[in-house]
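Let's take a walk through this model together. Keep the viewer open and turn things around as we go.

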Amino acid sequence: MIDPLNDKDLQAFMELHRIPGQILILDMPTPTVEAAAQAVGVSSRQIVKSVLFTVPAAAVLTISCGDQLVERRAIASLYQISRKRVKLASPEVVLELTGFAVGTVPPFGHRTSLRTLLDPRVLTFDEIYAGGGTHHALVRLNPQDIVNITQAEIIDLHTRPI
């Protein structure tokens, strides 16, 4: 069995790569975007979610505002495949590739280097909160730091491509 990474592993990654930001250890779990937003007193739009999808022979991490659903057609269009071939990664695959459990995945610091797609709406904030490696942690940071460290591609993940 794979041992999950945690907020201390994420903190070490952030220090190693000189990523400004702060891991907040919370008194309560944040299993949903709404719970996370309430815990830190921000809009659910400022909570970003890191969601892993699989396409044939690859995995892709999407980062988007918490109040929005990722449109699979946007990913399918990028890979030039049908949207039916874009699958939400299973919890086992998420843990294997990222090192983090579903619901705790940060935007960086994963076991595997992942192609990362970031919705431009995330960049409208000076400060966002993302998965912090455990159900009791969030990382507060500037979204541009996600782009810098992951080389994320900016792509509209919420609008259906024509």
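Which element gives the most to the lining of the largest pocket? Strand S2 does, putting in six residues. Bear in mind as you look that this is a predicted model. The pocket in question has a volume of about 610 Å³. Its lining is made up of 32 residues, and the ones closest to the centre are Lys49, Ser50, Val51, Val102 and Gly103. S2 has company, too: helix H2 (33–40), strand S2 (48–55), helix H4 (91–98), strand S6 (128–131) and strand S7 (137–141) each bring at least two residues to the lining. As for chemistry, the lining counts 19 nonpolar residues, 11 polar ones and two charged ones.

Stay with S2 for a moment, and look at the sheet. Five strands make up an open, mixed sheet, and reading across you get S4-S2-S3-S5-S8. The edges are strand S4 (87–88) and S8, each of which has a pairing partner on one side only. S2 itself is mostly tucked away, with six of its eight residues buried.

On one side, S2 runs antiparallel to S3, and eight bridges join the two. If you want a landmark there, find Ser50, which stands opposite Ile63 in S3. Ser50 is also among the residues closest to the centre of the largest pocket, a handy place to move between the two views. S2 and S3 form a hairpin with two residues between them. In that turn, Ala57 has a positive phi of about 65 degrees.

S2 also pairs with S4, again antiparallel, this time through two bridges. Here the landmark is Phe53, whose bridge partner in S4 is Leu88.

Now step over to strand S3 (residues 58–65). S3 and S5 pair in the parallel sense, over four bridges. To find the pairing on screen, pick out Leu61 and look for Thr116, its bridge partner in S5. A general point helps when you look at any of these strands: in a regular strand, side chains alternate between the two faces of the sheet.

What packs on this sheet? Helix H3 (residues 72–79) has three buried residues, Ala74, Ile75 and Ala76. The strands that the buried residues of H3 pack against are S2, S3 and S5. Just after H3 comes Gln80, with a positive phi of about 55 degrees.

Time for the charged side chains. Side chains of opposite charge can pair when their charged atoms come close. Here the count comes to six salt bridges, and a few of them are worth visiting.

Start with Asp119 and Arg121, whose side chains meet in a salt bridge at 2.8 Å, N to O. Is Asp119 buried or exposed? Asp119 has 0% relative accessibility, so it counts as buried. Arg121 sits at 22%, and because buried means under 20%, Arg121 counts as partly exposed.

Arg121 has another partner as well: Asp156 forms a salt bridge with Arg121, with the closest N and O atoms 3.1 Å apart. This pair links distant parts of the chain, 35 residues apart: Asp156 is in the segment after strand S8 (153–154), while Arg121 is in the loop between strand S5 (115–118) and S6. Asp156 has a relative accessible area of 31%, so it is partly exposed.

Next, go to Arg140 and Glu127, which meet in a salt bridge at 3.8 Å, N to O. Arg140 belongs to strand S7 and Glu127 to the loop between S5 and S6, so this bridge ties together parts that are 13 residues apart in sequence. Both ends are partly exposed: Arg140 is at 25% relative accessibility, and Glu127 is at 34%. Going back to the earlier pairs, shared partners join Asp119, Arg121 and Asp156 into one network.

One last stop is Gln151, in the loop between helix H5 (143–150) and S8. With a relative accessible area of 61%, Gln151 is exposed. How far apart are Gln151 and Gln46 in space? The C-alpha to C-alpha distance is 21 Å, and the two are 105 residues apart in sequence.

Notes. Residues numbered from 1 in each chain as written. Predicted model: local features only at pLDDT ≥ 70, side-chain atom pairs only at ≥ 80, totals over all residues. Heavy atoms only, no water. 1 Å grid on protein atoms, 1.4 Å probe; cavity = no way out; pocket = protein on both sides within 12 Å on 5 of 7 lines; lining within 4 Å. Points joined across faces, edges and corners; volume = space filled by probe spheres on them. Nonpolar A, V, L, I, M, F, W, Y, C, P; charged D, E, K, R; others polar. Salt bridge = Lys/Arg side-chain N within 4 Å of Asp/Glu carboxyl O. Buried < 20%, exposed > 50% of the residue type's maximum accessible area, 1.4 Å probe, protein only. Pairing = 2+ DSSP bridges. Contact = heavy atoms within 4.5 Å.
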